[in-house]
Amino acid sequence: MKETIYFGGGCFWCTEAVFDRVRGVLDVQSGYANGHVPNPSYEQVCEGTTGHAEVLKVEFDPAQIALEQLLEIFFGMHDPTTLNRQGNDVGTQYRSAIYTTTEAQLQQAQAFVQQLNAQNTFGQPVVTQVQPLDNYWPAEGYHQDYFARNPLQGYCAYVVGPKVQKFLHTFAQHVKQDD
C-alpha cells in the first residue's frame with residue numbers, strides 16, 4: 001500500500017534531494033501544484049503568475065514511515081515561517097505548502113501545524129499552506145534528480161548539499177540503508 005503527498009519547501013531541487021534519501025519513500029518527482037495554468041513551464045512558474053508552487057510529489061509506504069515522520073522531516077528541512085520565500089528564492093512559487101490526497105492527511109497536517117504554532121516551535125507563526133491537492137504537473141525532465149546529476153553546480157554545492165548533510169545528520173534514523 002502506498003500514499004502520496006505533495007510538499008512545497010522552496011526550490012524543489014532541495015526537497016527532492018532530501019526526500020529521495022528517506023527510508024519508506026518509494027518515489028519522488030519534482031513538479032508544480034495548485035496553480036491555475038494547465039501544464040505550466042518552469043519559466044512560467046518562475047514569473048509568479050501561474051499560482052503554482054514548486055513541489056515534490058512523495059510516494060511513501062506508511063508501513064515503513066508514518067506521515068508524522070515525513071512532516072517532521074519536512075518542517076525540519078526548510079523555514080516554514082517565511083511567506084513566499086526560502087533563502088534567496090523569493091516568490092509565491094517558493095511558498096511553504098502541503099497538498100494532501102486524503103482527508104486523513106489533511107487533518108493530520110493541519111493538526112501538526114497547529115501543534116507547532118501552539119508550542120511556538122519556530123519562535124514565529126508557521127505560514128505553511130495546508131490544502132487538498134487541486135492539480136499537479138510534473139516538472140521538465142531536466143529538473144528530475146537534479147542534485148544527483150549536478151552535485152557540483154553552484155546552487156547544488158552551496159544550498160542543496162548542506163541541506164542533504166543536515167538531513168543525514170539530523171534524521172539519521174530515517175536515512176535509506178543504501179545512502
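## Helix α6 and what it hides

Let's start with the buried side of helix α6: Cys156, Val160, Gly161, Lys163, Val164 and Phe167 are its buried residues. Keep in mind that this is a predicted model. An α-helix has 3.6 residues a turn, so residues three or four places apart point the same way. The cover over the buried part of α6 includes α1 (12-19), α3 (67-76) and α5 (146-149).

The helix itself runs over residues 154-170, which makes 17 residues. From first C-alpha to last, α6 reaches 24 Å, close to the 24 Å expected at 1.5 Å a residue. There is still a bend along the way: a kink of about 35 degrees sits at Val160, shortly before the proline Pro162. At the N-terminal end, Gln153 acts as the cap, with a side-chain oxygen 2.9 Å from the backbone nitrogen of Tyr155.

## Two nonpolar cores

In soluble globular proteins, nonpolar side chains tend to be buried together. Here, the largest nonpolar core has 29 residues. Phe7, Phe19, Leu70, Ile73, Phe75 and Ile98 are the ones with the most contacts inside that core. Who contributes? At least two residues each come from β1, α1, β2 (25-33), β3, α3 and α4 (103-118), and α3 gives the largest share, with 6 residues.

Phe7 is a good place to look around. Leaving aside neighbours within four places in sequence, Phe7 touches a list of residues that includes Phe19, Val55, Leu56, Val58, Leu70, Leu71, Phe74, Ala97 and Ile98. Thr15 and Glu54 are also in contact with Phe7. Apart from this core lies another one, of 13 residues, and Val160 of the kink is among them. Tyr32, Tyr146 and Phe147 belong to that second core too.

## His78, tucked into a loop

Now hop over to the loop between α3 and β4 (85-86), where you'll find His78. Is His78 buried or exposed? It's buried, with a relative accessible area of 9%. Setting aside neighbours within four places in sequence, His78 is in contact with Gly8, Gly9, Gln86, Ser96, Thr128 and Lys163. That last one, Lys163, is also one of the buried residues of α6.

His78 has polar company as well. Its side chain shares a polar contact of 2.7 Å with the side chain of Ser96, and a polar atom of the His78 side chain lies 2.8 Å from the backbone oxygen of Phe74. Thr15 is 63 residues away from His78 in sequence, yet their C-alpha atoms are 8.7 Å apart in space.

## A small salt-bridge network

How many salt bridges does the structure hold? The count is 2. In one of them, the side chains of Lys2 and Glu59 meet at 3.2 Å, N to O. This pair ties together distant parts of the chain, 57 residues apart: Lys2 is in the segment before β1 (3-9), while Glu59 is in strand β3 (residues 53-60).

Glu59 also forms a salt bridge with Lys57, where the closest N and O atoms are 3.7 Å apart. Shared partners thus join Lys2, Lys57 and Glu59 into one network. The two ends of the Lys2 and Glu59 bridge sit in unlike surroundings: Lys2 is partly exposed, at 49% relative accessible area, whereas Glu59 is buried, at 13%.

Terms used: Residues are numbered from 1 along each chain as its sequence is written. This is a predicted model: local features need pLDDT of at least 70, side-chain atom pairs count only at pLDDT 80 or more; totals for chains, interfaces and linings use all residues. Side-chain values use heavy atoms; hydrogens and water are left out. Helices (H or I, at least four residues) and strands (E, at least two) are DSSP runs, numbered from the N terminus. The expected span of a helix is 1.5 Å times one less than its number of residues. The bend at a residue is the angle between axes fitted to the seven residues ending there and the seven starting there. Buried means under 20% relative accessible area, exposed over 50%, partly exposed in between (1.4 Å probe, protein chains only). Contact means heavy atoms within 4.5 Å. A polar contact is a pair of N or O atoms within 3.5 Å; within protein, one must be able to donate a hydrogen and the other to accept it, and residues adjacent in sequence count only if both atoms are side-chain atoms. A salt bridge is a side-chain nitrogen of Lys or Arg within 4 Å of a carboxyl oxygen of Asp or Glu. A nonpolar core is a set of buried Ala, Val, Leu, Ile, Met, Phe, Trp, Tyr and Cys residues joined through side-chain atoms within 4.5 Å.
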